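These are my notebook entries on one chain. I set down each item in the order in which I looked it up.

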Amino acid sequence: LDGHGGDGAANFGAPELAKEFDEAISKLGREQLPSDERIEQGLAKVDEKIKEYFNQHPDKQSGSTVVGALAVQLPDGTYTLKLINCGDSRAIVVRAGVETEDSAKPVEIRVPEHLTMLAEKNDGVKAEFLPRVCEWPLVQETVDHK
């Protein structure tokens, strides 16, 4: 987590996110990842906990963004993962220089529904900020907020 205006949200939120998603993955038998909707629900749930924490500890109030990955090992020994980005932080994904067919399986990049709706509505949003079809390899960068 990247703290904005202090580290209160990051310090409280990081362990809460770990608990939230460990529980979600455990319920699935540790061999599959939560659905995209479940991940969004988990992020929202932790956000509510952070708000409650700030009500009790106003001196710790700050903001945060999240960049992370959820990964599980499949029965065949391979891994599956989902990248998570909530906010305007950056992430860089690097793949090995040499790949075997098994390690280069197709990558699905989902544009969240609210961004798709924003693109369809197009209320004065600059075209460069609208979601578009993504192709692998993907390197995504946001405007620096500092």
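**Entry 1: Tyr53 and the ring pairs**

I began with Tyr53, which is buried at a relative accessible area of 18%; buried means under 20% relative accessible area, exposed over 50%, and partly exposed in between, with a 1.4 Å probe and protein chains only. Tyr53 forms an aromatic pair with Phe54 that is tilted, at 6.0 Å centre to centre and 50 degrees between the planes. For these pairs I used rings of Phe, Tyr and Trp (its six-membered ring) with centres within 6.5 Å; planes under 30 degrees apart count as stacked, over 60 as edge-to-face, and the rest as tilted. Phe54 is buried, as is Tyr53.

Before going on I noted the terms of the work. This is a predicted model, in which local features need pLDDT of at least 70 and side-chain atom pairs count only at pLDDT 80 or more, while totals for chains, interfaces and linings use all residues. Residues are numbered from 1 along each chain as its sequence is written, and side-chain values use heavy atoms, with hydrogens and water left out.

I then asked how many aromatic pairs the rule yields. The count comes to 2 aromatic pairs. Phe12 and Tyr53 form a stacked pair, with 4.2 Å centre to centre and 10 degrees between the planes. This pair links distant parts of the chain, since Phe12 is in helix H1 and Tyr53 is in helix H2 (residues 36-56), 41 residues apart. Helices (H or I, at least four residues) and strands (E, at least two) are DSSP runs, numbered from the N terminus. Ring pairs thus link Phe12, Tyr53 and Phe54 into a cluster.

**Entry 2: Lys49**

I looked up Lys49, which lies in helix H2 and is partly exposed at 28% relative accessibility. Leaving aside neighbours within four places in sequence, Lys49 is in contact with Phe12 and Glu16; contact means heavy atoms within 4.5 Å. The C-alpha atoms of Lys49 and Phe12 are 9.0 Å apart in space, and the two residues are 37 residues apart in sequence.

**Entry 3: Salt bridges**

Side chains of opposite charge can pair when their charged atoms come close. I counted a salt bridge where a side-chain nitrogen of Lys or Arg is within 4 Å of a carboxyl oxygen of Asp or Glu. The structure holds 8 salt bridges.

One of them joins the side chains of Asp36 and Lys82, at 3.0 Å from N to O. That pair links distant parts of the chain: Asp36 belongs to helix H2 and Lys82 to strand E3 (residues 79-86), 46 residues apart. Lys82 is partly exposed at 24% relative accessibility.

I next examined Lys51. Its salt bridge with Asp47 has the closest N and O atoms 3.4 Å apart, and both residues lie in helix H2, 4 residues apart, about one turn of the helix. Lys51 is partly exposed, with a relative accessible area of 42%, and Asp47 is partly exposed at 35%. Lys51 also forms a salt bridge with Glu48, the closest N and O atoms being 3.5 Å apart. Glu48 and Lys51 are separated by about one helical turn because they are 3 residues apart in helix H2. Glu48 is partly exposed, with a relative accessible area of 41%. Elsewhere, salt bridges that share partners join Glu16, Lys19 and Lys49 into one network.

**Entry 4: Glu20**

Is Glu20 buried or exposed? Glu20 is buried, with a relative accessible area of 4%. Glu20 is found in helix H1 (residues 8-27). Not counting residues up to four places away in sequence, Glu20 touches Arg38, Gly42, Lys45 and Val46.

**Entry 5: The nonpolar core**

In soluble globular proteins, nonpolar side chains tend to be buried together. I took a nonpolar core as a set of buried Ala, Val, Leu, Ile, Met, Phe, Trp, Tyr and Cys residues joined through side-chain atoms within 4.5 Å. In the largest such core, of 15 residues, Leu17, Phe21, Ile39, Leu43 and Leu70 touch the most other members. H1, H2 and strand E2 (63-73) are the elements that give two or more residues to this core, and H2 gives the most, with 6 residues. Beyond four places in sequence, Phe21 touches Arg38, Ile39, Gly42, Leu43 and Leu70.

**Entry 6: The strands**

I closed with E2 and E3, which pair in the antiparallel sense over 8 bridges; two strands pair if DSSP finds at least two bridges between them. Ala71 has Leu81 in E3 as its bridge partner. The hairpin of E2 and E3 has 5 residues between the strands, and Gly77 there takes a positive phi near 95 degrees.
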